[in-house]
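Reader: I'm a first-year student, and I'd like to learn how to read a protein model one piece at a time. Please start with a close look at a single residue and the stretch of chain it belongs to, and then walk me outward from there.

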Amino acid sequence: MAQVIYSQDSDDVISPDIDTEIFAKDVMAGLSAKQKYIPASYHYDAEGSRLFNKITELPEYYLTRCEADALKRNKDRIADLLTDGTANLIELGPADGSKTGALMDYFHELKLDFHYVAVDISHTALEQLANHYQSVFPDQSVDCLVANYVTDLKWLKKRYHQKNLVLFLGSSIGNFNAAQTKAFLQNLRQNLKSGDMVMIGFDLAKEPELIRQAYNDSENVTAEFNYNVLRRINRELDADFDVTGFRFEGIYDTDDNVMRSYLISLKEQEVYVGALERSFGFLIGESIHTEDSRKYRESDIEELAVNNGFAVDCHLYDSRRYFVDSIWEVF
Ligand SMILES: C[S@@+](CC[C@H](N)C(=O)[O-])C[C@H]1O[C@@H](n2cnc3c(N)ncnc32)[C@H](O)[C@@H]1O
């Protein structure tokens with residue numbers, strides 16, 4: 001019963017895959033800025049999605065294991081939300097959906113009846129997820145929507161009228177800056193109704209060295225994940241990045257509790273982007289900012305909820321209290 005829905009199936013749903021023109025416009029803005037940047041959502045083409053799944057298995061990358069532990073320890077509390085009249089379990093950015101898959105096993109044991117909706121910008125990730133759910137949970141009703149959850153959430157209001165529980169796991173919220181977080185939460189709130197619930201994963205602030213290691217892994221998978229975005233620009237926007245001319249580094253900002261990822265130019269160089277018909281110059285040591293991963297205190301999380309139209313219901317922790325899934329009610 002799993003199906004992937006594209007814009008041509010329903011005019012209220014989103015554009016399929018990345019639009020090359022928008023990609024080119026974003027790269028133009030990012031590489032022309034004083035601090036060069038590439039928006040983090042462009043990491044997730046087929047290869048980026050594969051590399052991200054590899055990152056989640058790295059010994060240093062505690063986030064996925066801690067969140068899986070938090071969900072396992074608290075599965076009854078989460079199941080309670082689905083017995084409370086919730087019709088739709090909606091997951092934003094599931095990637096391979098492994099953490100939700102474990103919950104889904106449990107919900108099936110309990111014979112809970114709900115509709116599952118996976119929303120991701122990566123067509124490949126969703127197709128694999130749809131195939132997986134088809135084989136593992138053949139009787140589960142599933143929609144897979146190819147959508148950008150930053151710019152397109154109106155399908156929530158238009159398609160899913162019954163009570164919703166929205167999952168936003170993996171501390172993906174930490175990839176937004178403060179203004180983007182506020183815009184995202186307010187947009188989410190506007191497309192939900194009073195009584196709907198959300199569960200958001202937050203990586204908690206902790207010993208900086210643990211965080212540094214998680215994003216600077218010894219196998220360089222995180223570095224490859226970042227180089228991949230340059231390869232993607234070469235392929236899709238006809239650019240000539242020399243990937244070996246950059247090194248990757250994740251730098252932890254202890255004042256703001258943010259891990260900032262950079263690709264740093266190893267030489268003075270010019271990169272031509274065919275789709276933009278222009279070149280961008282790099283000095284030795286000049287960087288491209290590729291991602292932020294914010295870390296939170298409980299007080300930050302509570303502030304985010306109340307300032308954006310939600311009431312905190314509870315915090316679900318892993319055994320080490322490295323990570324929290326925070327459940328909020330829409331009011
Ligand atoms: C960091 S991964 C997190 C995956 C998973 N939620 C987890 O907990 O491990 C981010 C996922 O969100 C998707 N994604 C990133 N930006 C997106 C956006 N703007 N709209 C929709 N999906 C997005 C990616 O394709 C990827 O599957």
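Author: Let's begin with a word we will need right away: a residue counts as buried when its relative accessible area is under 20%, as exposed when it is over 50%, and as partly exposed in between. Keep in mind, too, that this is a predicted model.

Our starting point is Ala 205, found in the loop between strand E7 and helix H9, which covers residues 208–215. Its relative accessible area is 32%, so Ala 205 falls into the middle class, partly exposed. From Ala 205, look across to Val 258: the two are 53 residues apart in sequence, while their C-alpha atoms are 9.0 Å apart in space.

Now step into strand E7 itself, which runs over residues 197–203 and includes Gly 201. Here the picture changes: Gly 201 has a relative accessibility of 0%, so this glycine counts as buried. It also gives us a second pair to follow, since Gly 201 and Pro 94 are separated by 107 residues along the chain and by 12 Å from C-alpha to C-alpha.

Pro 94 is a handy signpost, as the ligand comes next. The ligand is surrounded by 18 residues, and the closest are Gly 93, Lys 99, Asp 120, Asn 148 and Tyr 149. Sorted by character, this shell holds 9 nonpolar, 6 polar and 3 charged residues. Both backbone and side chain take part in the contacts. A polar backbone atom of Ala 95 is 3.2 Å from an oxygen atom of the ligand. A nitrogen atom of the ligand has a backbone N or O atom of Ile 121 at 3.0 Å. Asn 148 uses its side chain instead: one of that side chain's N or O atoms is 2.9 Å from a nitrogen atom of the ligand. On its own, the ligand has 590 Å² of accessible area, and the protein covers 94% of that.

Ala 95 also lets us travel on to strand E8. Ile 251 lies in strand E8, and its C-alpha is 25 Å from that of Ala 95, with the two positions 156 residues apart in sequence numbering. Like our starting residue, Ile 251 belongs to the middle class: its relative accessibility is 38%, so it is partly exposed.

Between helix H10 (221–237) and strand E8 (246–253) there is a loop, and Asp 238 sits in it. Asp 238 is not a glycine, yet its phi is positive, near 55°. With 54% relative accessibility, it counts as exposed. Lys 111 makes a good companion to study: it too has a positive phi, about 55°, without being a glycine. You will find Lys 111 in the loop between helix H5 (98–109) and strand E4 (115–120). Its relative accessibility is 73%, so Lys 111 is exposed.

Two side chains show how a residue can reach a backbone oxygen elsewhere. Gln 269, in strand E10 (269–273), has a polar side-chain atom 3.1 Å from the backbone oxygen of Gly 245. Gln 269 is buried, because its relative accessible area of 10% is under the 20% limit. Ser 135 belongs to helix H6, residues 123–136, and its side chain reaches the backbone oxygen of His 132 at 3.0 Å. Ser 135, however, is exposed, at 55%.

Let's finish with an empty space. Rolling a probe the size of a water molecule over the atoms shows where empty space is left. The second largest pocket holds about 360 Å³. It is lined by 15 residues, and those closest to its centre are Ala 178, Arg 294, Tyr 296, Asp 300 and Leu 304. Helix H8 (178–190) and helix H11 (298–307) are the elements giving two or more residues to this lining, and H11 gives the most, with 4. The lining divides into 3 nonpolar, 4 polar and 8 charged residues. Try setting that beside the ligand's shell, with its 9 nonpolar, 6 polar and 3 charged residues.

Technical notes. Residues are numbered from 1 along each chain as its sequence is written. This is a predicted model: local features need pLDDT of at least 70, side-chain atom pairs count only at pLDDT 80 or more; totals for chains, interfaces and linings use all residues. Side-chain values use heavy atoms; hydrogens and water are left out. A residue is near a molecule or strand if one of its heavy atoms lies within 4 Å of it. A polar contact is a pair of N or O atoms within 3.5 Å; within protein, one must be able to donate a hydrogen and the other to accept it, and residues adjacent in sequence count only if both atoms are side-chain atoms. Accessible areas come from the Shrake-Rupley method with a 1.4 Å probe; for residues, only the protein chains shown count as cover. Ala, Val, Leu, Ile, Met, Phe, Trp, Tyr, Cys and Pro count as nonpolar, Asp, Glu, Lys and Arg as charged, and the others, Gly among them, as polar. On a 1 Å grid over the protein atoms alone, a cavity is a set of points where a 1.4 Å probe fits but cannot get out, and a pocket is an open set with protein on both sides within 12 Å along at least five of seven lines; lining residues have an atom within 4 Å of a point. Grid points are joined across faces, edges and corners, and a volume is the space filled by probe spheres set on the points. Buried means under 20% relative accessible area, exposed over 50%, partly exposed in between (1.4 Å probe, protein chains only).
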